[in-house]
Amino acid sequence: MVRTYLLLAWTWLRASAQYPGPLITMAIGSFAVNMLDVAAIWVIFEHTRSLAGFGLDEVMFFYGTSSMSFALSDMLFGNVDRLSQHVKAGTFDTILIRPTSAFVQIAVDRFGVHRFGRIAQATVVLAVALPRLDLSWDRAWMIPLMILCGIVIFASIFTLGGAMQFLLTDAPEVANAFTYGGNTLTQYPLSVYGGELVRGVTFVVPLAFVNWQPALFVLDRQDPFGLPYWLRFAAPVAALALAAVAMLAWRAGIRRYRSTGS
Amino acid sequence: MIEVERVGRSFTVGRRRARRTVHAVRDLSFTVEAGEFVGYLGPNGAGKSTTIKMLTGILAPTSGRVEVAGLDPTRRRTALARRIGVVFGQRTTLWWDLPLRDSFELIRHLYKVDQSVFRSRLEELTALLDLSAFMGTPVRQLSLGQRMRGDVTAALLHDPAVLVLDEPTIGLDVVSKAAMRGFLRRLNAERGTTVLLTTHDMGDIEKLCRRVMLIDHGRLAFDGTLDDLRATAPGEESIEDVVARLYTGRSTTHAGDGLDTSKD
Ligand SMILES: Nc1ncnc2c1ncn2[C@@H]1O[C@H](COP(=O)(O)OP(=O)(O)OP(=O)(O)O)[C@@H](O)[C@H]1O
Ligand SMILES: [Mg+2]
């Protein structure tokens with residue numbers, strides 16, 4: 001599967017290299033647009049020294065980890081929630097006759113350099129924020145793990161959104177609320193939101209495990225909502241559970257695929 | 001090689017109050033042995049493409065059992081893909097923006113075809129289908145006939161035991177059509193590849209198919225040899241008239257002759 005993904009990605013990259021202009025512009029555009037988010041955080045900290053109990057560097061840490069997970073997930077799997085385009089155009093039929101996973105083929109479809117713009121931005125933010133936090137390794141080891149769990153959680157949500165589109169071809173908007181919405185939500189410490197919402201994203205849609213819970217461990221903070229301490233280490237379990245649900249939904253979706261008349 | 005047993009497929013269409021069920025295929029049964037060349041006929045909307053999609057694992061049947069090359073297409077879709085070739089005349093299975101050469105190279109990897117086997121096979125196919133001039137052209141820039149030849153090549157690179165084609169001669173000029181037919185006949189005769197094709201061109205049927213199956217409103221209305229087919233309507237001159245009579249239940253050449261042979 002990984003080999004197939006890399007092979008297809010490489011083929012698409014080479015094909016897109018013939019017309020690099022628009023894709024590079026798109027990459028730079030998404031870099032710039034996302035940098036505006038960072039500017040917004042700076043503006044907030046012009047007027048205050050802490051946001052819901054966290055300082056500028058810590059908020060940048062939340063922003064950077066969420067963005068990194070989302071950017072990598074979007075690069076690798078974001079195309080899955082554009083499934084309805086393939087379904088409507090009938091091109092999904094041709095994906096199903098190939099001897100390899102439909103999921104991989106959809107995820108990698110039209111892979112191009114434009115998918116790297118967000119990653120560059122997240123890297124810059126983390127490269128600035130991390131040294132200023134002055135973390136020691138007995139806590140910082142969690143960072144790669146939390147980014148990985150974040151990738152899996154966002155990928156699962158992309159997949160759930162895609163699976164829905166087998167039934168409703170107008171579903172992308174609903175799915176976007178969870179993916180792009182989830183990204184925006186986790187870019188700030190969850191303490192800026194109400195307790196109800198936070199319990200929801202902890203126990204229902206596990207967005208709290210993208211970065212909030214593990215970050216409480218990394219930054220060695222009290223949970224403002226008083227949730228149990230072990231939740232800080234539960235990200236892998238939450239990510240795998242969501243991934244399992246997403247996989248089942250995807251399979252069920254393919255079985256319900258109706259193609260188009262021809 | 002292909003076994004279809006009491007297969008049905010329905011679609012729910014329309015929203016809310018206008019919701020209704022379309023039975024695209026109902027209670028369909030047939031068997032195709034290895035090495036056969038079968039034409040699958042039927043009027044527009046009869047359920048031909050739907051059947052083909054069930055044979056290739058694209059659509060799951062709502063009822064009944066399908067087995068192709070010993071596998072259940074819905075459950076073992078990717079394993080089956082290695083053993084069959086599929087061509088949709090209406091829609092390319094190639095990558096729209098990639099040059100033909102890259103598409104074929106990708107297929108070699110995806111189907112895990114051995115490098116040397118691939119080389120000789122590609123050489124043979126490009127010579128037979130006269131494709132070598134277009135190898136560097138992106139698929140979207142190919143004409144319909146060129147693209148179709150590319151699609152047939154792509155479907156055969158892994159040397160499948162069964163080839164399923166949905167309207168492979170649609171839109172081809174007389175010369176290309178003849179070339180395509182000659183190619184398919186040789187493939188069936190020399191390699192023993194089992195072929196099932198749908199078409200609206202009776203020339204395909206007369207020149208290629210030893211056996212004809214005719215489907216109407218999702219049900220099998222006829223299954224037999226070309227001679228059997230002619231015998232169903234003795235008065236008709238051409239095979240086209242015979243088939244038209246089966247489709248409509250009336251003669252199209254002798255107006256008013258209302259013998260119903262198709263409906264059961
Ligand atoms: N995805 C779908 N959703 C709803 N109805 C469908 C779908 N696909 C096919 N149908 C319906 O099923 C019936 C059979 O369609 P199918 O495409 O199998 O016909 P066909 O025999 O291939 O016709 P043609 O010769 O025109 O290609 C038609 O009534 C069609 O409207
Ligand atoms: Mg059809």
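**Salt bridges, a surface patch and a ligand between two chains**

Let me begin with a single residue, A:Arg110, which is partly exposed, with a relative accessible area of 42%. Please keep in mind throughout that what we are looking at is a predicted model.

The side chain of A:Arg110 meets that of B:Asp97 in a salt bridge, with 2.6 Å from N to O. This pair crosses between chains: on the chain A side, A:Arg110 sits in the loop between helix H6 (102–108) and helix H7 (117–133), while on the chain B side, B:Asp97 sits in the loop between strand E5 (84–88) and helix H3 (100–110). You may ask whether B:Asp97 is buried or exposed. B:Asp97 has a relative accessible area of 19%, and because buried means under 20%, this residue counts as buried, whereas A:Arg110, at 42%, is partly exposed.

Moving into chain B, the side chains of B:Arg147 and B:Asp151 form a salt bridge at 3.3 Å, again N to O. These two residues are four apart in helix H5 (residues 144–156) of chain B, so about one helical turn separates them. Both B:Arg147 and B:Asp151 are buried.

A further salt bridge in chain B joins the side chains of B:Arg181 and B:Asp204, at 2.7 Å from N to O. Here B:Arg181 belongs to helix H6 (residues 174–191) and B:Asp204 to helix H7 (residues 202–208), so the pair ties together parts of chain B that are 23 residues apart in sequence. B:Arg181 is buried, with a relative accessible area of 9%, and B:Asp204 is buried as well, with a value of 0%. Returning to the contact between the chains, salt bridges that share partners join A:Asp109, A:Arg110, B:Asp97 and B:Arg140 into one network. Over all chains, the count of salt bridges comes to 29.

Let me turn now to the surface of chain A. A nonpolar patch is formed there by A:Trp137, A:Trp141, A:Leu145, A:Leu148, A:Tyr229 and A:Phe233, which together have about 680 Å² of accessible area. One of these residues, A:Trp141, is found in the loop between helix H8 (137–140) and helix H9 (142–164) of chain A, and at 41% relative accessibility A:Trp141 counts as partly exposed.

For chain B there is also a record to mention: an unreviewed UniProt entry lists residues 2–242 under "domain: ABC transporter". In the model, that span is 36% helix and 27% strand, and its end C-alpha atoms lie 27 Å apart.

That brings me to the ligand. Where does ligand 1 lie? Ligand 1 lies between chains A and B, and 19 residues surround it, the closest being B:Gly45, B:Lys48, B:Ser49, B:Thr50 and B:His200. Looking at individual contacts, a polar side-chain atom of B:Lys48 is 2.7 Å from an oxygen atom of ligand 1, an N or O atom in the side chain of B:Asn44 is 2.9 Å from a ligand oxygen, and a polar backbone atom of B:Gly47 is likewise 2.9 Å from an oxygen atom of ligand 1. On its own ligand 1 has 630 Å² of accessible area, and the protein covers 79% of that.

Finally, which elements supply the shell around ligand 1? Strand E1 (2–13), strand E2 (20–32) and helix H1 (48–55) of chain B each supply at least two residues, and H1 of chain B gives the most, with three residues.

How values were computed
Residues numbered from 1 in each chain as written. Chains lettered and ligands numbered in written order. Predicted model: local features only at pLDDT ≥ 70, side-chain atom pairs only at ≥ 80, totals over all residues. Heavy atoms only, no water. Salt bridge = Lys/Arg side-chain N within 4 Å of Asp/Glu carboxyl O. Buried < 20%, exposed > 50% of the residue type's maximum accessible area, 1.4 Å probe, protein only. Patch = residues over 30% accessible without salt bridge, like charges linked within 9 Å, V, L, I, M, F, W, Y side chains within 5 Å. Areas by Shrake-Rupley, 256 points an atom, 1.4 Å probe, with all protein chains shown as cover. UniProt positions renumbered as here; feature names shortened; annotations may be inferred. Near = heavy atom within 4 Å. Polar contact = N/O pair within 3.5 Å; in protein donor to acceptor, adjacent residues only side chain to side chain.
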